[in-house]
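I set out to look up the core, the cysteines, the charged pairs and a few single positions in one structure. My entries are kept in the order in which I made them.

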Amino acid sequence: MNQPKPAHKVLFKGATLLDLESGKESPADLLIVDGVIAELGKLDIPSFDGELIDASGTVVVPGLMDMHVHLREPGREDEETVESGCRAAMAGGFTAICPMPNTEPPADKREVLDFLRDRARGQLVELFPIAAVSKGRKGEEIAEMGELVDAGAVAFSDDGDPVHNAAVMRRALEYAKMFGRPVIDHCEERSLTAGGAMNEGFVSTNLGLPGMPAVAEEIIVARDLALAKYTGGRLHVAHVSTAGSVELIRRARAEGVQVTCEVTPHHLILTDQAVVGFDTNTKMNPPLRTAADVEALRAGLRDGTIQVIASDHAPHAVEEKDVEYAAAPFGIIGLETSLALVLRELVGRQVLTLAQALRAMSAGPRQVLGLEQLKVEKGARANLTFIDPHAEWVVDTSRLESKCRNTPFAGWKLRGRVFALVNRGLYWRAVR
């Protein structure tokens, strides 16, 4: 991968600026000087002496953010590092990512967050760490939230594991509320999913694989919605996967409960039928559900019940996935395929407009995390994603920037790809 360059004086000619709120498109040339949008509009600079990039046919939007990724550093640098994760994020069109805290050691102390942010220093991709809810992610004692907020934590989660103890979850919501941070919830009642490998239903019965019922997710969603209502805390449900969860969240939002949620591209596209064939790259948690669940998730995005599309990027080494289905770890990578999957399967099939889809990958996560919204206007800091919506490409796992290859989309022909990024005073032009 080519490296980002300083954005001292760069002119992107011929792009189309997409307003994510209104969906309005307008032709735009963008002059970036020292990382700031110096000029915007139809520009005629006959003797331009900077870097001129022909951006004809591209769409430019505020930089995309993936608020749910797993970088394995510290602990499993063989699977992913901050550096390789940032490269994968760039290849996928993201200028910001939020790593989850289930590393070794977990991100439950200032030192770990300082380490992560230090490792991301100098990268075009910004890193906004999510800290653990509980010490050691054991769900027993609340982490030092104030110290973690001071160290840059934008949210709290024990993702990968649910917070089993309702009293601990209550305290987490109360303390996080004091710091204006959401608690990101991994909703799974483990007594119902123990030993499970896929969605419980007709397909699991046919395959003879142990199932994980939808109700295991919905029980915790219902419990924590009640706790959010009681405490007034901010709850964000990670990787929602069932129709029942969507409906519970929809009703809670109507009642004024402070709840948001996210969905992954794979839960929006694949069903449990994908498990037929026993490809362990279809094993994730929560598992792939039914066609009815997929339709409910899509409807939730359309009506605003779901605000965010996030990858849940979860790298695993080849040897870990190359085992029998029941023994394989959960999770797939997603940073480099999310954008194109969304463009092909949701925008291309008219499930969402382009503005709706990209809002869920840019403004949506920033709103959930309480971060400042990005602006594309003269004088603003340039944080931009340029997308070529017509670029066709095939997912070739040998060419991915992530250290791992565990994707069920290998060989898929996708449509739409990042063209260029600008952020932190740097710009990067994708070269294929």
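The entries below record what I looked up in this predicted model.

**Entry 1. Nonpolar cores**

I began with the interior and asked which residues have the most contacts inside the largest nonpolar core. That core has 90 residues, and I noted Phe 156, Val 237, Val 240, Leu 301, Ile 309 and Leu 358 as those with the most contacts inside it. I then looked up which element gives the most to this core, and found helix α12, residues 338–347, with 6 residues. Another core lies apart from it and has 20 residues, including Ala 7, Val 10, Ile 32 and Phe 386.

I followed Leu 358 further and listed its contacts, leaving aside neighbours within four places in sequence. Leu 358 is in contact with Leu 18, Leu 20, Val 61, Leu 64, Leu 339, Ala 363 and Ile 387.

**Entry 2. Helix α12**

I next checked how much of α12 is covered, and recorded that 8 of its 10 residues are buried. The buried residues of α12 are Ser 338, Leu 339, Ala 340, Leu 341, Val 342, Leu 343, Glu 345 and Leu 346. Leu 339 from this list is also one of the contacts of Leu 358.

**Entry 3. Ala 360**

I looked up Ala 360 and placed it in the loop between α13 (354–359) and α14 (363–369). Is Ala 360 buried or exposed? I noted a relative accessibility of 4%, so Ala 360 counts as buried. Leaving aside neighbours within four places in sequence, I found Ala 360 in contact with Leu 301, Gln 307, Val 308, Ile 309 and Pro 365. Of these contacts, I examined Gln 307: it is 53 residues from Ala 360 in sequence, yet the two C-alpha atoms are 5.7 Å apart in space. Leu 301 and Ile 309, also on the contact list, are among the residues with the most contacts inside the largest nonpolar core.

**Entry 4. Asn 281**

I turned to a second loop position, Asn 281, between α9 (265–269) and α10 (291–302). Asn 281 has a relative accessibility of 14% and therefore counts as buried, the cut-off being under 20%. Its contacts, with neighbours within four places in sequence left aside, are Lys 321, Ile 332, Asn 406, Thr 407 and Pro 408.

**Entry 5. Cysteines**

How many disulfides does the structure hold? I counted 0. Cys 98 is in no disulfide, and the nearest cysteine sulfur, that of Cys 86, is 12 Å away. I noted Cys 98 as buried, with a relative accessible area of 0%. Cys 261 is likewise in no disulfide, and its nearest cysteine sulfur, that of Cys 187, is 9.9 Å away. Cys 261 also counts as buried, at 0% relative accessibility. The cut-off I applied to sulfur pairs is 2.5 Å.

**Entry 6. Salt bridges**

I recorded 30 salt bridges in the structure and examined several of them.

Arg 87 and Glu 83 meet through their side chains at 3.7 Å, N to O. Both are in helix α1 (residues 82–92), and because they are 4 residues apart they are separated by about one helical turn. I noted Arg 87 as partly exposed at 24% relative accessible area, and Glu 83 as partly exposed at 44%.

Glu 188 pairs with Arg 190, and I recorded 3.1 Å between the closest N and O atoms. Here Glu 188 counts as buried at 5% relative accessibility, whereas Arg 190 is partly exposed at 27%.

Glu 392 and Lys 413 form a salt bridge of 3.5 Å, N to O. Glu 392 lies in strand β18 (residues 384–394) and Lys 413 in strand β19 (residues 413–423), so this pair ties together parts that are 21 residues apart in sequence. I noted Glu 392 as partly exposed, at 48% relative accessibility.

I also found a network of salt bridges that links Arg 72, Arg 76, Asp 78, Glu 79 and Glu 320.

**Entry 7. Surface patch**

Last, I asked which residues form a nonpolar patch on the surface. I recorded Leu 192, Val 215 and Ile 219, with about 220 Å² of accessible area together. Val 215 lies in helix α7 (residues 214–231) and counts as partly exposed, at 39% relative accessibility.

Conventions: Residues are numbered from 1 along each chain as its sequence is written. This is a predicted model: local features need pLDDT of at least 70, side-chain atom pairs count only at pLDDT 80 or more; totals for chains, interfaces and linings use all residues. Side-chain values use heavy atoms; hydrogens and water are left out. Patches are made of residues with over 30% relative accessible area and no salt bridge: like charges are joined within 9 Å, nonpolar side chains (Val, Leu, Ile, Met, Phe, Trp, Tyr) within 5 Å. Accessible areas come from the Shrake-Rupley method with a 1.4 Å probe; for residues, only the protein chains shown count as cover. A salt bridge is a side-chain nitrogen of Lys or Arg within 4 Å of a carboxyl oxygen of Asp or Glu. Helices (H or I, at least four residues) and strands (E, at least two) are DSSP runs, numbered from the N terminus. Buried means under 20% relative accessible area, exposed over 50%, partly exposed in between (1.4 Å probe, protein chains only). Contact means heavy atoms within 4.5 Å. A nonpolar core is a set of buried Ala, Val, Leu, Ile, Met, Phe, Trp, Tyr and Cys residues joined through side-chain atoms within 4.5 Å.
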